[in-house]
Amino acid sequence: MKRLKMKITMDNGDVRQLTSDDGKPFTEFVRNFFSARYFIGNGRDEAGNAVIDTLKVSTIEIVEVE
């Protein structure tokens, strides 16, 4: 199963790290990420980053694929 580690940069310069380990491709993750106003992450790596306002995201970058 693929595990994607991503860096999300907000429009105010804040950077958040997210990990997706559902095995889906990056394009599908991005489509699901922006399908709603807020993205709710509940993984163990995202402590403190549970809710992301998708309207304030400027970039999503793949950091690592495991």
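**Close-up views of a predicted model**

**View 1. Pairing of strands β1 and β2.** In this predicted model, strand β1, which spans residues 4–10, pairs with β2 in the antiparallel sense over 6 bridges. One of the bridge partners can be picked out by residue, since lysine 5 is matched in β2 by threonine 19.

**View 2. The open sheet and its edges.** The 3 strands of this open sheet follow the order β2-β1-β5, and their pairing is antiparallel. Because β2 (15–20) and β5 (57–65) each have a single partner strand, they stand at the edges, and one side of each is left without a neighbour in the sheet. Direction ignored, neighbouring strands of the sheet are turned against each other by 25 degrees on average.

**View 3. Helix α1 over the sheet.** Helix α1, made up of residues 26–33, lies across β1, β2 and β5, and runs at about 150 degrees to β5.

**View 4. The aromatic cluster.** Of aromatic pairs, the structure holds 4. One of them joins phenylalanine 29 and phenylalanine 33 in a tilted arrangement, with 5.7 Å from centre to centre and 35 degrees between the planes. Both of these residues lie in helix α1, where they are 4 residues apart, or about one turn of the helix, and both phenylalanine 29 and phenylalanine 33 are buried. The rings of phenylalanine 33 and phenylalanine 39 have centres 4.8 Å apart and planes at 40 degrees, so this pair is tilted; phenylalanine 39 is buried, as is phenylalanine 33. Together, Phe29, Phe33, Phe34 and Phe39 form one aromatic cluster.

Conventions
Residues numbered from 1 in each chain as written. Predicted model: local features only at pLDDT ≥ 70, side-chain atom pairs only at ≥ 80, totals over all residues. Heavy atoms only, no water. Pairing = 2+ DSSP bridges. Helix = DSSP H or I, 4+ residues; strand = E, 2+ residues; numbered from the N terminus. Axes fitted to C-alpha atoms, helices over the stretch in contact; angles between N-to-C directions. Contact = heavy atoms within 4.5 Å. Phe/Tyr/Trp six-rings, centres within 6.5 Å; stacked < 30°, edge-to-face > 60°. Buried < 20%, exposed > 50% of the residue type's maximum accessible area, 1.4 Å probe, protein only.
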